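Thanks for coming, everyone. I'd like to walk you through a structure that is new to most of you, so let me put it up on the screen.

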Amino acid sequence: MEDSQKNAALINASLEHVAEKVADLTPQVYARYFARHPEARELFGNDDANILKGEMLAKLLMQIMDYAEGKTDPDLIISWAADHLGYGVSLSMFPAMFESLESVLREVAGDAWTEETTRAWRAQFDGLLALITDSYKRFDPSFTSPA
C-alpha cells in the first residue's frame with residue numbers, strides 16, 4: 001500500500017475511533033487552539049454555540065482527508081488561505097490549529113493512537129501547510145516564511 005493510501009486509512013481509522021467516543025471535538029480543539037492563540041478568539045465573533053468553529057473544523061478535516069487521498073484542489077486551498085489572510089489569520093496560527101487538533105485526537109483515542117498514526121496526521125499537516133504557505137506568499141508580497 002502506498003504511503004498516501006496508508007495515511008488515509010490510518011486517518012480514517014483514527015477519526016472513526018474518536019467519533020465512537022466523542023460526538024463533537026469542536027469545544028476541545030478550540031479551547032486548546034485559543035490557549036495558544038488567544039487573539040484568534042475575536043476572529044470568531046459571538047460564536048458561543050460553536051457553529052462557525054464547527055464548520056471550520058469540518059472543513060479542515062475534509063481538507064486533510066482530501067490531501068491524504070490525493071484529491072486536494074489547489075485552487076480551493078489558495079482561496080481558503082486568501083480568506084484567512086484577509087481575516088487577519090497569521091501563518092503561525094495554522095500549525096497551532098493542527099497541533100491542537102492532533103493533541104485532542106490523540107488524547108481521545110488513547111491507546112489506539114500509535115506513532116504510525118502520528119506520522120500519518122503530521123504528513124497531511126506538513127503538506128497542507130506547504131500549500132498554505134505558498135498561498136500566503138502569493139497574496140502578501142511582503143510575507144516571509146517563519147524560520
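Okay, let's start with the aromatic rings: there are 10 aromatic pairs in here. And before I go further, please keep in mind that this is a predicted model.

A quick word on how to read the pairs. A pair of aromatic rings is described by the distance of the centres and the angle of the planes.

Take Y30 and Y33 to begin with. Their ring centres are 6.0 Å apart and the planes sit at 90 degrees, so we call that pair edge-to-face. Where are they along the chain? They're three residues apart in helix 2, which covers residues 26–36, so about one helical turn separates them. Both of these tyrosines, Y30 and Y33, are buried.

Now compare that with F98 and F125. Here the ring centres are 4.7 Å apart and the planes are at 5 degrees, so this pair is stacked. This one ties together distant parts of the chain, because F98 is in helix 5 while F125 is in helix 6, residues 115–139, and they're 27 residues apart. Again, F98 and F125 are both buried.

One more thing on rings, then I'll move on. If you follow the ring pairs, Y30, Y33, F34 and F44 join up into a cluster.

While we're around F125, let me point out P95. P95 sits in helix 5, residues 93–109. Its C-alpha atom is 7.7 Å from that of F125, even though the two are 30 residues apart along the chain. Is P95 buried or exposed? Neither, really: its relative accessibility is 23%, so P95 counts as partly exposed.

Next up, the core. The largest nonpolar core has 41 residues, and the ones with the most contacts inside it are I64, L101, W121 and I132. Which elements feed into it, with two or more residues each? That would be helix 1, helix 2, helix 3 (51–68), helix 4, helix 5 and helix 6. Helix 5 gives the most, with 10 residues.

Let's zoom in on I64. Setting aside neighbours within four places in sequence, I64 is in contact with I11, L101, W121, Q124, F125 and L128. You'll recognise F125 there from the stacked pair.

Over to helix 1, residues 3–21, where we find A8. With a relative accessibility of 8%, A8 counts as buried. Leaving out residues up to four places away in sequence, A8 touches M65, A68 and E69. And for a sense of distance, A8 and A112 are 104 residues apart in sequence, with 16 Å between their C-alpha atoms.

Now, how do the helices pack? Two packed helices are described by the angle between their axes and the distance between the axes.

I've picked two examples. In the first, helix 4, which is residues 74–86, meets helix 6: their axes come within 9 Å and cross at roughly 60 degrees. That crossing is right-handed. On the helix 4 side the contact is made by I77, I78, W80, A81, A82, H84 and L85, and on the helix 6 side by L128, L131, I132, S135, Y136, R138 and F139. By class, that's 11 nonpolar, two polar and one charged residues.

The second example is helix 3 with helix 4. These pack at an angle of about 145 degrees, with the axes 12 Å apart, and this crossing is left-handed. Here M56, L60 and Q63 from helix 3 meet L76, I77, W80 and H84 from helix 4. That contact divides into five nonpolar, two polar and no charged residues.

Staying with helix 3 for a second, have a look at E55, which lies in that helix. E55 has a relative accessible area of 44%, so it's partly exposed. Its C-alpha atom is 9.1 Å from that of T26, and those two are 29 residues apart along the chain.

Last stop, a backbone detail. Most residues other than glycine have a negative phi. So what about N50? N50 isn't a glycine, yet its phi is positive, at about 65 degrees. You'll find N50 in the loop between helix 2 and helix 3. N50 is partly exposed, with a relative accessible area of 23%.

That's my tour. Happy to take questions.

Technical notes: Residues numbered from 1 in each chain as written. Predicted model: local features only at pLDDT ≥ 70, side-chain atom pairs only at ≥ 80, totals over all residues. Heavy atoms only, no water. Helix = DSSP H or I, 4+ residues; strand = E, 2+ residues; numbered from the N terminus. Buried < 20%, exposed > 50% of the residue type's maximum accessible area, 1.4 Å probe, protein only. Contact = heavy atoms within 4.5 Å. Phe/Tyr/Trp six-rings, centres within 6.5 Å; stacked < 30°, edge-to-face > 60°. Axes fitted to C-alpha atoms, helices over the stretch in contact; angles between N-to-C directions. Left-handed = near helix turned anticlockwise from the far one by under 90°. Nonpolar A, V, L, I, M, F, W, Y, C, P; charged D, E, K, R; others polar. Core = buried A, V, L, I, M, F, W, Y, C linked by side-chain atoms within 4.5 Å.
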